[in-house]
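Hi there,

Here is the structure I promised to pass along. Have a look at it first, and my notes follow below.

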Amino acid sequence: MASTSSRSTAVAEANPAQAEAAGAAAAATITVRVARFDPEKDKALRWQEFSVPTAPGMTVLDALVSIKEHQDGSLAFRSSCRMGVCGSCGMYVNGKPRLACQTQVGELGQVIEVAPLPNHDVIKDLVPDLSRTFEHHRAIKPYIIRDDEAEMASPTREFRQTPEEMERYLQFAYCLKCSLCVAACPTAATDPLFLGPQALAQAYRYTADTRDCGWQERFDVIATDHGIFNCHLAGACSEACPKGVDPALGIQLMKRTLVKGPAHRAPAPIVEEPKSVIDESKRPQAPPPTV
Ligand code: SF4
Ligand code: FES
């Protein structure tokens, strides 16, 4: 098998112009303007510029890792999965809330500006404080609520739900809790207590689930002063979502549910098992509850 260097030599000999262009691209640099904030020293964000060598496919997160590894180890940012799944790398990149690991620097031009998510307090540099988003999410009771507590604590059967019933909430179940929608929301910008698009869309996700019967408990949380009727339907949340969730739609559907009640008034029934198939002695135990 040919080595990388022998392949490069062959390309250079066959097409010098192409080899020169490839060399120039490899050596290209971009300017990354990064917002810095040290809670012990700073009263406001300050800006610092770095020149970063690029590579094909480089993401904003890669550029920040390069800065941290080669230029300034004190730069603080949050990331984990590097594949748009964990939701921890949300930042304000060139004026839009984005996931840094899903945003390629090649799409952004020669100068890239990276700041922490708006509408959130800043812990340090590019690390936003997401506790308010998580508190609001917790407040809407993001779990299946039923009154058959024994079955919930130790499930013995499946709940019957048709594919059409699952479609009612499925897209909302893809939410990463990245808070990009909250960063984009003009109401959250003026009212920090506003429950926000993430939590309100999740209120619909669970209320629309036919296995759930906790709608009244959620109504009591969202039909309040900083609740659902403070949404002005700007739609910025849905534009910002990196997973294709449409929180603005969820909020509108939840408003309708508040007026008309959920499509299902009783929770989905437990499916009766065929007696010949299941051996009770071999049934695995349900895992302990996580919420
Ligand atoms: S709705 Fe979208 S933008 Fe908002 S927290 Fe969920 S995944 Fe992030
Ligand atoms: S690092 Fe997990 S979504 Fe970006």
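Let me start with one polar contact: a polar atom in the side chain of threonine 257 lies 2.7 Å from the backbone oxygen of leucine 253. Please keep in mind throughout that this is a predicted model.

Threonine 257 belongs to helix H12, which spans residues 247-260. Its relative accessible area is 9%, and because the cut-off for buried is under 20%, threonine 257 counts as buried. Setting aside the neighbours within four places in sequence, threonine 257 is in contact with Tyr204, Thr207, Phe219 and Pro262.

One of those contacts, Phe219, leads on to helix H10. In H10 (residues 215-222), the residues Trp215, Arg218, Phe219 and Ile222 are buried. They sit on the same side of H10, because the arc they cover around the axis is only 105°. The general background is familiar: an α-helix has 3.6 residues a turn, so residues three or four places apart point the same way. As for what lies over the buried residues of H10, the cover includes H12 and helix H9 (196-207).

Isoleucine 222, also in H10, deserves its own paragraph. Its relative accessible area is 0%, so isoleucine 222 is buried. Leaving out neighbours within four places in sequence, isoleucine 222 is in contact with Ile140, Leu195, Leu200, Ala203, Gly227, Ile228, Met254 and Leu258. Take the pair with isoleucine 140: the two are 82 residues apart in sequence, yet their C-alpha atoms are 7.3 Å apart in space.

Next, the strands. Strand E5 (residues 111-115) runs parallel to strand E1 (residues 29-36), and 4 bridges join them. Here arginine 33 stands opposite glutamate 113 in E5. E5 also pairs with strand E3 (residues 90-93), this time in the antiparallel sense and over 2 bridges. Valine 93 has valine 114 in E5 as its bridge partner.

Finally, which residues are around ligand 1? They are Cys175, Leu176, Lys177, Cys178, Ser179, Leu180, Cys181, Gln198, Cys241, Pro242, Val245 and Pro247. Sorted by class, this shell around ligand 1 has 9 nonpolar, 2 polar and 1 charged residues. Two links back to the helices: Pro247 is among the residues around ligand 1, and H12 covers residues 247-260. Likewise, Gln198 is in that shell, and H9 covers 196-207.

Happy to talk any of this through.

Best wishes

Technical notes. Residues are numbered from 1 along each chain as its sequence is written. Chains are lettered from A and ligands numbered from 1 in the order in which they are written. This is a predicted model: local features need pLDDT of at least 70, side-chain atom pairs count only at pLDDT 80 or more; totals for chains, interfaces and linings use all residues. Side-chain values use heavy atoms; hydrogens and water are left out. A residue is near a molecule or strand if one of its heavy atoms lies within 4 Å of it. Ala, Val, Leu, Ile, Met, Phe, Trp, Tyr, Cys and Pro count as nonpolar, Asp, Glu, Lys and Arg as charged, and the others, Gly among them, as polar. Buried means under 20% relative accessible area, exposed over 50%, partly exposed in between (1.4 Å probe, protein chains only). A polar contact is a pair of N or O atoms within 3.5 Å; within protein, one must be able to donate a hydrogen and the other to accept it, and residues adjacent in sequence count only if both atoms are side-chain atoms. Contact means heavy atoms within 4.5 Å. The arc is that of the directions from the helix axis to the C-beta atoms. Two strands pair if DSSP finds at least two bridges between them.
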